[in-house]
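Got the viewer open? Let's take a short walk, one selection at a time, and look at what turns up.

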Amino acid sequence: VDSQQPDLHSARLILRPAGPAFAQALLCYQQRNCEHLVPWGPIHTELSSAQAFLAGRANDWGEGRGASYLLFLREDAETVVGTASLFKLERGMMQGCTMGYGIDRSLQGTGLMREALAALIGLAFGPLGLHRIQANYQADNVRSAALLERLGFAIEGRASQYLFLNGAWRDHVLTALINPDFAWADPP
Ligand SMILES: CC(C)(COP(=O)(O)OP(=O)(O)OC[C@H]1O[C@@H](n2cnc3c(N)ncnc32)[C@H](O)[C@@H]1OP(=O)(O)O)[C@@H](O)C(=O)NCCC(=O)NCCS
């Protein structure tokens, strides 16, 4: 695995490694998408908290804990239009991680999120050599459900009161994608 987290590219997007330099851009993205994002995950309201969060995410790659990205349209390197990340990366017998994502409301329904996640899955199953990616959503998040289905994720179960989000414990549907070409780099 590269010592530096790589940029990822898709037809219309550049995915840049998350880092504190993007704190203001992330805050702008989350503020203008507040109502769109808050039902499904926490957002930052202060620059300092966005900076601290992004500093943590920037460390994840080096520590083997994940890979967080900010999404930019190819023609605009300034404006964050979404996020996509791998977190809770675990080696050993698991060789898996969890995936999270979101896209600007104005770009929803354009296939951009799918494009970004295809690139991220390529990283997970290619250079990172993982066996499993998990992704979880609330049952009423129909767009998230459809997106994961299109990407080939299979429903594996349901977890009650799985995450405390937007003021209450929320049930989640649990899905996963298995790497058909997985090979042990270093068998346990
Ligand atoms: C969940 C979320 C990322 C889904 O985004 P999305 O835009 O629906 O997902 P996709 O990128 O797969 O886009 C699919 C849509 O683009 C359309 N589309 C248009 N052009 C396309 C193209 N070139 N390629 C593929 N799809 C295209 C598809 O027909 C589909 O439209 P439809 O849903 O109206 O049928 C988005 O709703 C979101 O950010 N929600 C808030 C945050 C959130 O819920 N995060 C996940 C928590 S679990």
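Start with the ligand, and keep in mind that this is a predicted model. Select its surroundings and you'll get 21 residues, the closest being Gln 108, Gly 109, Asn 141, Arg 143 and Arg 150.

Now go for the polar contacts. Pick Arg 143: an N or O atom in its side chain sits 2.6 Å from an oxygen atom of the ligand. Next, click on Met 113, where a polar backbone atom is 3.0 Å from a ligand oxygen. Then hop to His 36, whose side chain puts an N or O atom 3.4 Å from an oxygen atom of the ligand. How much of the ligand does the protein bury? On its own the ligand exposes 960 Å², and the protein buries 70% of that.

Next selection: helix α5, residues 142–150. Which of its residues are buried? Color Ser 144, Ala 145, Leu 147 and Leu 148 and you have them. Look down the axis of α5: those buried residues fall within an arc of 165°, so they line one face of the helix. The general rule is handy here: an α-helix has 3.6 residues a turn, so residues three or four places apart point the same way.

Spin round to the face of α5 turned away from the buried side, and you'll find Val 142 and Glu 149, both exposed.

What covers the buried residues of α5? Show β5 (96–103), α4 (112–125), β6 (132–137) and β8 (168–178), which are among the elements doing so.

Last stop: step just past the end of α5 to Gly 152, which takes a positive phi of about 95°.

Definitions and conventions: Residues are numbered from 1 along each chain as its sequence is written. This is a predicted model: local features need pLDDT of at least 70, side-chain atom pairs count only at pLDDT 80 or more; totals for chains, interfaces and linings use all residues. Side-chain values use heavy atoms; hydrogens and water are left out. Buried means under 20% relative accessible area, exposed over 50%, partly exposed in between (1.4 Å probe, protein chains only). Helices (H or I, at least four residues) and strands (E, at least two) are DSSP runs, numbered from the N terminus. The arc is that of the directions from the helix axis to the C-beta atoms. Contact means heavy atoms within 4.5 Å. A residue is near a molecule or strand if one of its heavy atoms lies within 4 Å of it. A polar contact is a pair of N or O atoms within 3.5 Å; within protein, one must be able to donate a hydrogen and the other to accept it, and residues adjacent in sequence count only if both atoms are side-chain atoms. Accessible areas come from the Shrake-Rupley method with a 1.4 Å probe; for residues, only the protein chains shown count as cover.
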